[in-house]
Amino acid sequence: MDFRLLQDTICAIATPIGEGGIGLIKISGPDALNVATQLFRHRSGADKTLESHRLNYGWIINPDTREIVDEVLLAYMAAPGTYTREDVVEINCHSGYAVLDRILRLVVACGARPAEPGEFTRRAFLNGRIDLSQAEAVIDIIRSRSEQALLLANRHLRGDFRSVIESWRETILQVQSRIEAFIDFAEDIPEEAEQEEHAFRFLLDELRRDVMLPLTEALLRYGEGRMLREGLTLVLVGKPNVGKSSTLNALLGKDRAIVTAAPGTTRDVIEDSFLLSGVQVRVLDTAGIRNQPDEIESCGIERTLRSVGEADVVLWLIDHSRPLTSEDHKVYDAVRGSRYVVLLNKSDLPPAFGLEKVHEKFAGPAPLLRISAKAPSDIERLKTFLAETFVRKPLERCRSEIVPNLRQKRCLEEAAAALSRAEELLDSGAYGELAGFELQTSRKQLEAILGWENDGDLLDRIFSQFCVGK
Ligand SMILES: Nc1nc2c(ncn2[C@@H]2O[C@H](COP(=O)(O)OP(=O)(O)O)[C@@H](O)[C@H]2O)c(=O)[nH]1
Ligand SMILES: [Mg+2]
């Protein structure tokens, strides 16, 4: 994108295209007021000037023909108290394909240019109203599918992440400037250098306590943040006929997958979702893993294995009413590398083996629950268990801490690596330029989180995820 264009005025339809109660057209840039004046007529007929931050009732007219295009409410908001920090005009019109398209074309004819995806928010960023972590929070808010995800995004939008990053950066800067002072002293006045070293040790402790420790903590929150933003993925796995599809249907509370007494019914991966403690849970039902599958089933099993790779948690079902077979072992081999829960299903029927047998054969730290997919109370118990273990506890940690996304996590990792290299040098008394360089590297990484360095490719990548009109 060409940044000279920041001088121009952009416009877009900000509401979803289609029939609806209200459609919104946004205009931002130096010509916004001029465009509005050409197109808008007050209801009163008077040639009133548009006051900033007031709603005006009237019509959009075609300036060439004087024809009325729509009845609207129009707001003019003067810079800098706006979303983009530029002059902004918002036209609330009726929502329909023809009317929105007509007004947008008139706005363009009056001198505005159709905006690129995310260009309004990009301007808010480039004009310094928000930092990059806040811009990313805007996407997160739009994409939030659950209340928890929304809460997190709002915390980041408020600037919580930014203030933490800024305080870390500040501490690093202090140590860095100490190093520079130390290098000078060491050369000139040896006695003062000793004093300096003492002060310096103190700062190093501060660096460990106030930056390195919380930074490492923040990195640990990434997985939970991903779960919040993208939801939790559960995958139901087991040999044929153990009750995977029955469990899927019971979890969803609807008949999503076909359940039959014949093994090998589910041949493809079936996916749906439900909410668990305010978090979106994606659940996948898969083809049963068996010894001698036919061709279609083989493809299904391959997909099953792929789904296991995607899972946050694997729900491994075993039929407790029939003896264990080599197929159960086969499933064990497929899931043992993942985080899984063992579900001994069909517990409404007499058990065919004791619990110790499961422990003995499939020993591991995985939790084990006895359920019947046919008993609603068991499914409730399963949901409570899943919510407690995989949602509530991780969420509690997220509430009080900053939670990076993938891009931010990468920056934090780089920063952490540079900090520990610096720490090692400093600890061994090497207060030289090398340590200063490592601190500098870590500081740059933190600044990248906030987007201080104007990296055009990075901005393109982030803002292209937005819709047009945001
Ligand atoms: N008694 C009993 N039967 C069950 C239970 N869960 C599933 N079934 C039955 O087991 C058969 C296979 O179930 P299905 O869900 O299709 O298993 P899948 O092949 O693993 O998907 C069907 O006849 C179900 O009605 C259960 O908890 N108790
Ligand atoms: Mg099935």
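Reader: Hello! Which residues does Val-283 touch, leaving out residues up to four places away in sequence?
Author: Welcome! This is a predicted model, and Val-283 is a good place to start. Leaving aside residues up to four places away in sequence, Val-283 touches Ile-270, Glu-271, Asp-272 and Phe-274, among others. Its other partners are Leu-234, Leu-236, Leu-248, Leu-251 and Leu-252.

Reader: How many residues does the largest nonpolar core have?
Author: Val-283 belongs to the group with the most contacts inside this core, together with Leu-234, Phe-274, Leu-315 and Leu-343. The count for the largest nonpolar core is 33 residues.

Reader: Which element supplies the largest share of this core?
Author: Several elements supply at least two residues each, including the strands β8 (232-238), β9 (270-276), β10 (279-285), β11 (313-319) and β12 (340-345). The helices α8 (222-230), α9 (244-252) and α13 (376-399) do so too. The largest share is 8 residues, and it comes from α13.

Reader: How many residues are in the second, separate core?
Author: Among the members of this second core are Phe-161 and Ile-172. Ala-415 and Ile-449 are included as well. In total, the second core has 29 residues.

Reader: How many helices and strands does the protein chain have?
Author: You have already met some of them, such as α13 and β10. For the protein chain, the secondary structure comes to 16 helices and 13 strands.

Reader: Is the protein chain spread out or compact, next to what the globule rule gives?
Author: For 470 residues the globule rule gives 23 Å, while the radius of gyration of the protein chain is 30 Å. The C-alpha atoms fill a box of roughly 85 × 85 × 40 Å along the principal axes. Since the radius is well over the rule's value, the chain is more spread out than a compact globule.

Reader: What percentage of the residues count as buried?
Author: A residue is called buried when its relative accessible area is under 20%. Across the 470 residues of the protein chain, the share that meets this is 47%.

Reader: Which residue does a cis peptide bond join to Ala-79?
Author: Most peptide bonds are trans. Here, though, omega is about 5° at a cis bond that starts from Ala-79. The partner sits in the loop between β5 (68-77) and β6 (88-95). That partner is Pro-80.

Reader: Where is Arg-85, and what is its phi near?
Author: Arg-85 lies in the loop between β5 and β6, and with a relative accessible area of 38% it is partly exposed. Most residues other than glycine have a negative phi. For Arg-85 the value is positive, near 70°.

Reader: Is His-53 buried or partly exposed?
Author: His-53 is in the loop between β3 (40-42) and β4 (54-61). Its phi, near 60°, is also positive. Because its relative accessibility is 43%, His-53 counts as partly exposed.

Reader: Is Arg-221 buried or exposed?
Author: Arg-221 is placed in the loop between α7 (190-220) and α8. Not counting residues up to four places away in sequence, Arg-221 touches Arg-397, Cys-398, Glu-401, Ile-402, Val-403 and Pro-404. Its relative accessibility is 6%, so Arg-221 counts as buried.

Reader: How many Å apart in space are Arg-221 and Gln-280?
Author: In sequence, Arg-221 and Gln-280 are 59 residues apart. From C-alpha to C-alpha, the distance between them is 18 Å.

Key: Residues numbered from 1 in each chain as written. Chains lettered and ligands numbered in written order. Predicted model: local features only at pLDDT ≥ 70, side-chain atom pairs only at ≥ 80, totals over all residues. Heavy atoms only, no water. Core = buried A, V, L, I, M, F, W, Y, C linked by side-chain atoms within 4.5 Å. Buried < 20%, exposed > 50% of the residue type's maximum accessible area, 1.4 Å probe, protein only. Helix = DSSP H or I, 4+ residues; strand = E, 2+ residues; numbered from the N terminus. Contact = heavy atoms within 4.5 Å. Rg over C-alpha atoms; globule rule 2.2 N^0.38 Å.
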